[in-house]
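This report goes through a single chain, from its overall make-up to its helix packing and some individual residues. Please have the sequence and the coordinates open while reading.

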Amino acid sequence: MPSIDHEIGRLEGLDEHAIEVLKTHGAIAKCTDCGEHEVNGLYNEGVKATYAQVTREFKRGEIDGSLEEILHAVRNAMANVNIECPDCKRDHGE
Ligand SMILES: [Zn+2]
């Protein structure tokens, strides 16, 4: 059995990869006002493209985990990203 530490590292790797691919496709983007924080790009095509890419990568054996795990990592990344920039939202007085 793999150690817990190894397992956590592997899952973190999947999360990082999911975020990286989401950024590549514009589903996660830097705030257009401050360029500091990462926010939801509100770009559904980007999310779809991400699912398609990680599925292809999984089929090529490039994902260190199951298809379910990497798809979960993508969903999780989108669920955790800020919808609005935490700084700019405050500056705009909303
Ligand atoms: Zn901002």
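How many helices and strands does the chain have?

## Overall make-up

The chain has four helices and two strands; these are DSSP runs numbered from the N terminus, with helices being H or I of at least four residues and strands being E of at least two. Along the sequence the pattern reads α-β-β-α-α-α. The model is predicted, and local features need pLDDT of at least 70, side-chain atom pairs count only at pLDDT 80 or more, while totals for chains, interfaces and linings use all residues. Residue numbers start from 1 along each chain as its sequence is written.

Taken along the principal axes, the C-alpha atoms fill a box of roughly 50 × 30 × 15 Å. Of the 94 residues in the chain, 21% are buried (20 or more other C-beta atoms within 10 Å of the residue's own; exposed means 12 or fewer, partly exposed in between, with C-beta atoms placed from the backbone). Among contacts with a separation of 6 or more, 64% join residues 24 or more positions apart; a contact requires C-beta atoms, placed from the backbone, within 7 Å.

## Nonpolar core

The largest nonpolar core has 14 residues, where a core is a set of buried Ala, Val, Leu, Ile, Met, Phe, Trp, Tyr and Cys residues joined through C-beta atoms within 7 Å. Ala-18, Leu-22, Val-54, Ile-70, Ala-73, Val-74 and Ala-77 have the most contacts inside this core. Helix 1, helix 2 (44–59) and helix 3 (67–80) each supply at least two of its residues, and helix 1 gives the largest share, five residues. In soluble globular proteins, nonpolar side chains tend to be buried together.

Leaving aside neighbours within four places in sequence, Val-74 is in contact with Ala-18, Leu-22, Thr-50, Tyr-51 and Val-54.

## Helix packing

Helix 2 and helix 3 pack at an angle of about 155°, with axes 10 Å apart. Axes are lines fitted to C-alpha atoms, for helices over the stretch in contact, and angles run from 0 to 180 degrees between N-to-C directions. The pair is therefore roughly antiparallel, a label for angles over 145 degrees (under 35 is roughly parallel, 65 to 115 roughly perpendicular, the rest oblique). On the helix 2 side, the meeting residues are Val-47, Thr-50, Tyr-51, Val-54, Thr-55 and Phe-58; on the helix 3 side, Leu-67, Ile-70, Leu-71, Val-74 and Met-78. By class, this contact has nine nonpolar, two polar and no charged residues (nonpolar: Ala, Val, Leu, Ile, Met, Phe, Trp, Tyr, Cys and Pro; charged: Asp, Glu, Lys and Arg; polar: the others, Gly among them).

Helix 1 and helix 3 pack at about 65°, with axes 8 Å apart. Here Leu-14, Asp-15, Ala-18, Ile-19 and Leu-22 of helix 1 meet helix 3 residues including Ile-70, Ala-73, Val-74 and Ala-77. This contact has nine nonpolar, one polar and two charged residues.

## Two residues compared

Is Ile-19 buried or exposed? Ile-19 sits in helix 1 (residues 4–24) and counts as buried because 21 C-beta neighbours lie inside 10 Å. Beyond four places in sequence, Ile-19 is in contact with Ile-28 and Ala-77.

Asn-82 lies in the loop between helix 3 and helix 4 (86–91). With 14 other C-beta atoms within 10 Å, Asn-82 is partly exposed. Apart from neighbours within four places in sequence, Asn-82 is in contact with His-37, Val-39 and Asn-40. The C-alpha atoms of Asn-82 and Ile-28 are separated by 9.2 Å, although these residues are 54 residues apart along the chain.

Key. Contact = placed C-beta atoms within 7 Å.
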